[in-house]
Amino acid sequence: MEAGHSVLFASAYRLVQELLAPKRDLHLPRWLRRLDTFDLLLLDDLGYLPQGNEESEVLFTLIAEHYERRSLGITSNLVFSEWERTFTNSMATTAAIDRVVHDSAILEFDVPSYRTGEAQERSEAKEVYRQN
């Protein structure tokens with residue numbers, strides 16, 4: 001909690017996996033309300049791993065339920081036109097994008113990957129070390 005704001009930073013894939021059991025047990029609405037205790041829900045790496053029908057349904061429900069009540073942040077390497085990889089049907093994809101872009105700020109960064117650059121620097125340093 002920083003400056004009095006509570007934040008849940010979670011992998012989108014992992015959070016969806018954790019919500020599958022409450023969905024199966026018909027407790028998903030209660031679990032989604034629990035997420036409302038956070039001022040900001042930040043879903044990291046949306047679309048990083050493919051989702052099945054059940055997973056994409058839970059993800060859509062999470063976005064649809066959360067976006068109007070609390071702040072929702074999403075990180076993704078996918079542009080919106082590639083979100084059909086994440087949501088299994090085009091209507092859900094369109095509806096999810098509609099909710100995400102409604103009353104939002106979209107930040108797009110066209111920079112090299114920090115992790116890739118760091119790994120390359122380590123590799124180059126090892127090579128210099130081996131040559132000496």
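Start by selecting E57, which at 43% relative accessibility counts as partly exposed. This is a predicted model, so treat every stop on the tour as a feature of a prediction.

**Stop 1: the partner of E57**

Keep E57 on screen and add K23. The two form a salt bridge, with their closest N and O atoms 3.3 Å apart. K23 sits in helix α1 (residues 12-24) and E57 in helix α3, so colouring both helices shows how this pair links distant parts of the chain, 34 residues apart. Like its partner, K23 counts as partly exposed, because its relative accessibility is 21%. Why can such side chains pair at all? Side chains of opposite charge can do so when their charged atoms come close.

**Stop 2: more salt bridges**

How many salt bridges does a search of the whole structure find? The count is 8. One of them joins D25 and R24, whose closest N and O atoms are 3.2 Å apart. Select both and show the surface: R24 is exposed, with a relative accessible area of 59%, whereas D25 is partly exposed at 39%.

Now move to R69 and E65. Their salt bridge has its closest N and O atoms 3.2 Å apart. R69 is partly exposed, with a relative accessible area of 39%, and E65 is partly exposed at 38%. Add D36 to the selection, and you have a network: salt bridges that share partners join D36, E65 and R69.

**Stop 3: a buried histidine**

Leave D36 displayed and select H66, in helix α3. Is H66 buried or exposed? It counts as buried, because its relative accessibility is 2%. A polar contact of 3.3 Å joins the side chains of H66 and D36, so D36 takes part both in this contact and in the salt-bridge network with E65 and R69.

To see what surrounds H66, set aside its neighbours within four places in sequence. The residues in contact with H66 are then L35, D36, L41, S71 and L72.

**Stop 4: a buried tryptophan**

Next, select W83, in the loop between β3 (71-74) and α4. Although W83 is in a loop, this residue is buried, with a relative accessible area of 3%. Which residues is W83 in contact with, leaving aside its neighbours within four places in sequence? Show L46, I74, S76, L78, T93, I97 and V100.

Before leaving, add P50 and draw a distance between C-alpha atoms. Those of W83 and P50 are separated by 10 Å, with the two residues 33 apart along the chain.

**Stop 5: a nonpolar patch**

Switch to a surface view and select Y13, Y48 and L49. Together they make a nonpolar surface patch of about 310 Å². Focus on Y48, found in the loop between β2 and α3. With 61% relative accessibility, Y48 counts as exposed.

**Stop 6: two unusual backbone angles**

Stay in the loop between β2 (40-44) and α3 (53-66) and select D45. Most residues other than glycine have a negative phi. D45, which is not a glycine, has a positive phi of about 60°. Its relative accessibility of 27% makes D45 partly exposed.

Then jump to D103, in the loop between α4 (90-101) and α5 (114-131). D103 is not a glycine either, and its phi is positive too, at about 55°. D103 counts as exposed, because its relative accessibility is 73%.

**Last stop: the whole chain**

Zoom out and switch to a cartoon view. You should find 5 helices and 3 strands, which follow the pattern β-α-α-β-α-β-α-α along the sequence. The radius of gyration is 18 Å, well over the 14 Å that the globule rule gives for 132 residues, so the chain is more spread out than a compact globule. Rotate the C-alpha trace to see its extent: along its principal axes the trace spans about 65 × 40 × 30 Å.

Colour by burial next: buried residues make up 28% of the 132 residues. With the surface on, the accessible area comes to about 9,600 Å², of which 51% belongs to carbon and sulfur atoms. Finally, consider contacts with a separation of 6 or more: residues 24 or more positions apart account for 79% of them.

Note on methods
Residues are numbered from 1 along each chain as its sequence is written. This is a predicted model: local features need pLDDT of at least 70, side-chain atom pairs count only at pLDDT 80 or more; totals for chains, interfaces and linings use all residues. Side-chain values use heavy atoms; hydrogens and water are left out. Helices (H or I, at least four residues) and strands (E, at least two) are DSSP runs, numbered from the N terminus. Buried means under 20% relative accessible area, exposed over 50%, partly exposed in between (1.4 Å probe, protein chains only). Patches are made of residues with over 30% relative accessible area and no salt bridge: like charges are joined within 9 Å, nonpolar side chains (Val, Leu, Ile, Met, Phe, Trp, Tyr) within 5 Å. Accessible areas come from the Shrake-Rupley method with a 1.4 Å probe; for residues, only the protein chains shown count as cover. A salt bridge is a side-chain nitrogen of Lys or Arg within 4 Å of a carboxyl oxygen of Asp or Glu. The radius of gyration is taken over C-alpha atoms; the globule rule is 2.2 Å times the number of residues to the power 0.38. Contact means heavy atoms within 4.5 Å. A polar contact is a pair of N or O atoms within 3.5 Å; within protein, one must be able to donate a hydrogen and the other to accept it, and residues adjacent in sequence count only if both atoms are side-chain atoms.
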